[in-house]
Amino acid sequence: MSTLYRLVYTSFRKPECDENEIQNILQSCKKNNPGRDITGVLLHSDKRFIQYIEGSKEEVEQLYDLISDDPRHTSINQRNFEAINDRLFPSWEMGYKDIDKVSFNTDASTEDQKTFNGIIKGELDFDDNALRILQLFFKMA
Ligand SMILES: Cc1cc2nc3c(=O)[nH]c(=O)nc-3n(C[C@H](O)[C@H](O)[C@H](O)COP(=O)(O)O)c2cc1C
């Protein structure tokens, strides 16, 4: 089995990427990710995306190349790409949440929320702390 990798990027959602387009993106995830053995999460607000992708190195790289060329977002900024031992989201072909509509009804502290918002805004680098918050956000700790 090839080595598992994770990749995280943040980007800015283009104004023309409306709710309909978000649904189209999620349809693509549903259609394509299982066959590629890609799992992860996609968070979006009205202005931004953050996506966490995990799978084999080749599949993750190929998908990221494809996503990077997608005209529905811009300023795509890779924040993490490294080998991992286990998947964080093994059963999600691409979980998603609208971060404007859901709140942190988790154990996340105010400090955590600030960190998370910093990551989303591209002000902070992605690190293990950010991963922990992502997990908290998805209540999968
Ligand atoms: C923010 C963002 C995240 C995306 N994530 C995925 C993804 O996880 N899997 C995927 O197949 N396509 C994803 N896409 C869509 C791809 O860029 C591309 O449009 C799609 O894979 C084309 O395949 P299709 O014609 O089979 O739908 C994403 C697009 C955007 C803008």
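**Entry 1: the run of elements**

I started at the N terminus and walked along the chain: the elements run β-α-β-β-α-β-β-α-α. My tally came to 4 helices and 5 strands. I noted straight away that this is a predicted model.

Next I looked up the overall build. The radius of gyration is 14 Å, close to the 14 Å that the globule rule gives for 141 residues, so the protein is as compact as a globular protein of that length. Along its principal axes, the C-alpha trace spans about 40 × 35 × 25 Å.

I also wanted to know how much of the protein is buried. Buried residues make up 25% of the 141 residues. As for contacts with a separation of 6 or more, 78% of them come from residues 24 or more positions apart.

**Entry 2: the sheet**

In what order do the strands of the sheet lie? I read it off as β4-β1-β3-β2-β5, an open sheet of 5 strands with mixed pairing. At the edges I found β4 and β5 (95-98), each of which pairs on one side only. Neighbouring strands here are turned by 10° against each other on average, direction ignored.

**Entry 3: strand by strand**

I began with β1, residues 4-13, and followed its pairing with β4, residues 73-83: the two are antiparallel over 8 bridges. One pair to find here is Arg6 of β1 with its bridge partner Glu82 in β4.

Then I turned to the pairing of β1 with β3 (residues 48-56), which is antiparallel over 9 bridges. I picked out two spots to look at. Leu4 stands opposite Ser56 in β3, and Ser11 has Phe49 as its bridge partner in that strand.

From β3 I moved to β2. These two strands pair in the antiparallel sense over 6 bridges, and a hairpin of 3 residues joins β2 to β3. As a marker I used Thr39, whose bridge partner in β3 is Glu54.

Is the pairing of β2 with β5 parallel or antiparallel? I found that β2, residues 39-44, pairs with β5 in the parallel sense, over 4 bridges. Two partners in β5 helped me trace this pairing: Tyr96 for Leu42, and Asp98 for His44.

I checked how covered two of these strands are. In β3, 7 of the 9 residues are buried, so I wrote it down as mostly covered, with the cut-off for buried being 20 or more other C-beta atoms within 10 Å. β2 is mostly covered as well, with 5 of its 6 residues buried.

**Entry 4: a look at Phe12**

I stopped at Phe12, which lies in strand β1. Why does Phe12 count as partly exposed? I found 15 other C-beta atoms within 10 Å of it, and partly exposed is the class between 12 or fewer, which is exposed, and 20 or more, which is buried.

Which residues does Phe12 touch, leaving out those up to four places away in sequence? I listed Lys47, Arg48, His73, Thr74 and Ser75. I also compared Phe12 with Phe49: they are 37 residues apart in sequence, yet 6.1 Å apart in space, C-alpha to C-alpha.

**Entry 5: around the ligand**

My last stop was the ligand. I counted 16 residues around it, of which Ser28, Asn32, Phe49, Asp70 and Arg72 come nearest. The elements that give two or more residues to this shell are α1 (19-36), β3 and α2 (57-68).

Which element gives the largest share of the shell? That is α1, with 6 residues. I sorted the shell by residue kind too, and got 8 nonpolar, 5 polar and 3 charged.

Phe49 turned up twice in my notes: as the partner of Ser11 in β3, and again among the residues that come nearest to the ligand.

Note on methods: Residues numbered from 1 in each chain as written. Predicted model: local features only at pLDDT ≥ 70, side-chain atom pairs only at ≥ 80, totals over all residues. Pairing = 2+ DSSP bridges. Axes fitted to C-alpha atoms, helices over the stretch in contact; angles between N-to-C directions. Near = placed C-beta within 6 Å. Nonpolar A, V, L, I, M, F, W, Y, C, P; charged D, E, K, R; others polar. Contact = placed C-beta atoms within 7 Å. Rg over C-alpha atoms; globule rule 2.2 N^0.38 Å.
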